Amino acid sequence: MAERKIWFITRPERDPKFHRDALLALWDATNGLTVQWSGNRQAHLNYERALNARGVKRENISNDGSGGRTWAAMLKTFAYVYTDEKGFLVLTKVGKKILEGERVRDNVTKQILTLQIPNAYFLESGFRPQFESTFRIRPARFLIKLTNQAQLNYYVTKEEITYFVLTAQNDNELASITDKILTFRSASPADKTLLKQEIAEEFDHRERSDKGARDFEIAHGDVAHTFMLICDYTGLVEYIRGEALRIDPSNSKKIAGEIEMYDYRYPFNSRYLISLQRMAENNGLDIESYKASSYGNVKPATNKSKTANKIRELLSDFPDLEELTHDSLIKILMNEFPPREAEKHAHELKQVTHQALNNDFVEGYLNEQDNLVFEDKTGEVFKAIGFEVEMRPKSLANVETEIEILLKYDDSLMGIIDAKNYRTKFPLSAHLASHMASEYLPNYDAYDGRQVSFFGYVTAADWSGEKNLEKISTLAKRAIPDRDIKGIMLSANVLLGFLDYCIDNDLPKSRRVELFLNTIQNRGYATVGEFLSAATNQAER
């Protein structure tokens, strides 16, 4: 199946003023979200009936519950809910606030302006066809910025949105889309027809015999209409129904400031690289749970500032900027800035509390090609969790083999971590298991006066050989008979997802370490959900 080349949003005519009604109906239909959603057609049909009862949906019920699934997809699109690993729908913070009637318009507006491609719902396996992997765009913000331009006379027509705006895949295409619209406006009727035909043939992913421009406009004009409708809801643009979006020029500066604030507060969210659950939970924070951009008063890259981009580049190796002291920031920035300027930027960065995972770190870490750098970044994540980290320490046995990461905690305990930057799959073989049990564990025991209490593997991608964790514990007893040393295996995105969860929930470092230790059960963790379940369930016992 061909991938999507243009914007899409679930079912047109979903006016945002009915989002809360849709949530209330879902709550009613699923007994407070206690009924499994995935694969449960009866629940889907019940939701349709609940929507009808609230007057949100037309009085008809589908044969298979498809209407209910479509409305639930809309709620997932805006991160009011997400599907957990057991197939249940879970409210995000913003979904809960809207359901309770708190600052509904502000919260819905925030979800519209932070809507992005890709997001958690668009990456679900059931969403078909998927968007092309090159998409990185916030559609509503893009459309409002486009409309708010003097060169376009502060308006964009539905036709222009359908044929030109919907084809934009990146936030940085504003100038090129503007140029295309200006060219279209000045073209002759025959040339306009030709332009539309070319766009229809290039961008329509649907399989059909007729690839005409008229068919394209019918199919995608509803999508254009829906984006116009949701942008109108924000109050930043006016929708002349069926015709155009427009802005009063006298309001242009105010609107630009509002969008700049959103660019600053809510940069493009890369958490879909960690997990769809973490993406949905973070994107589903309510308006009062705002987590600061990681760069304080340094505006994000959208302002095209070379200085801002350089600062982001220098700080991209650190997952939690709140952990960096003023002096450490100066030291990092002085790699490329003169001392006085480095101190100025460090001061600016420390003026704001950074309660957010560094998006630049996420993308760099999960795509890191250099093995040594991958190890160092893994160490930085463990530091941010709360461990005292020592990289590549020399063992007491004075042998050449050395562990990559040593984690110290409490007063006398430590763990050993082996970071594996295999880009496909890391297999924990019997040979590697023997090496950990017979060399690493005994050679580092008593290092710095501490006892080895656990071991682990952090992998860049997938892993196998989980059963060998138990074998390591068994073999280790030969050298260290007085302890039951258990292990863990997890992927880098799971580790990062745990840190993201800790930051979002303002957990102190002692609690973070405690939760991590709960998961060391000679198990491997392939998803953030599995890991958090083990961490929190163990903690509750």
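1. Helices here are DSSP runs of H or I with at least four residues, strands are runs of E with at least two, and both are numbered from the N terminus. Keep in mind that what you're looking at is a predicted model. With that naming in hand, start at N31, which sits in the loop between α1 (19-29) and α2 (41-53). Its phi is near 50°, a positive value in a residue that isn't glycine. Why is N31 classed as exposed? Its relative accessible area is 56%, and the exposed class begins over 50%.

2. N153 is worth a look too. You'll find N153 in the loop between α6 and β3 (155-157). Phi here is near 55°, again positive in a non-glycine residue. N153 counts as exposed because its relative accessible area is 54%. For background, most residues other than glycine have a negative phi, and most peptide bonds are trans.

3. Now for the peptide bonds. Where do you find the proline that follows I117 through a cis bond? That proline is P118; the I117 to P118 bond is cis, with omega about 5°, and P118 lies in the loop between α5 (104-114) and α6 (139-147). R128 and P129 are joined by a cis peptide bond as well, with omega about -15°. P129 also belongs to the loop between α5 and α6. If you're checking the backbone by eye, I'd inspect that loop.

4. F88 is in the loop between β1 (81-83) and β2. Is F88 buried, exposed or partly exposed? The answer is partly exposed, because its relative accessibility is 25%, which falls between the 20% and 50% cut-offs. Along the chain, F88 and W37 are 51 residues apart, yet their C-alpha atoms are separated by 5.2 Å. Leaving out residues up to four places away in sequence, F88 touches L33, T34, V35, Q36 and W37, plus Y82 and T83.

5. On to N522, in the loop between α21 (509-518) and β13 (523-525). This one is buried, because its relative accessibility is 9% and the cut-off for buried is under 20%. So what does its side chain do for polar partners? It makes a polar contact with the side chain of E470 at 3.2 Å. A polar atom of the N522 side chain also lies 2.7 Å from the backbone nitrogen of G487. Both partners turn up among the residues N522 touches, which are F455, E466, L469, E470, S473, K486 and G487, not counting those up to four places away in sequence.

6. α21 also packs against another helix. Helix α17 (residues 371-385) meets α21 at an angle of about 120°, and the two axes are 8 Å apart. On the α17 side the contact uses F382, K383, A384 and I385, while α21 brings K509, R512, V513 and F516. By class, that contact has five nonpolar residues, three charged and no polar ones.

7. Next, the empty space. Rolling a probe the size of a water molecule over the atoms shows where such space is left. How many cavities of 30 Å³ or more does the count give? The count gives one, and the largest cavity has a volume of about 40 Å³. Its lining consists of K76, T77, A79, V81, N119, A120, Y121, M279, A280 and N283. Two elements, α3 (66-77) and α12, each give two or more residues to this lining. The largest share, three residues, comes from α12. By class, six of the lining residues are nonpolar, three are polar and one is charged.

8. Last comes the second largest pocket, which holds about 630 Å³ of space. It has 22 lining residues, and Y82, V90, Q277, E281 and L532 are the closest to its centre. Which elements each supply at least two residues of the lining? They are β2 (89-91), α12 (276-283), α20 (492-504) and α22 (528-540). Of these, α22 provides the largest share, with six residues. The lining splits into eight polar, eight charged and six nonpolar residues. When you browse the model, note that Y82 is one of the residues touched by F88, and that α12 also helps line the largest cavity.

How values were computed. Residues numbered from 1 in each chain as written. Predicted model: local features only at pLDDT ≥ 70, side-chain atom pairs only at ≥ 80, totals over all residues. Heavy atoms only, no water. Buried < 20%, exposed > 50% of the residue type's maximum accessible area, 1.4 Å probe, protein only. Polar contact = N/O pair within 3.5 Å; in protein donor to acceptor, adjacent residues only side chain to side chain. Contact = heavy atoms within 4.5 Å. Axes fitted to C-alpha atoms, helices over the stretch in contact; angles between N-to-C directions. Nonpolar A, V, L, I, M, F, W, Y, C, P; charged D, E, K, R; others polar. 1 Å grid on protein atoms, 1.4 Å probe; cavity = no way out; pocket = protein on both sides within 12 Å on 5 of 7 lines; lining within 4 Å. Points joined across faces, edges and corners; volume = space filled by probe spheres on them.
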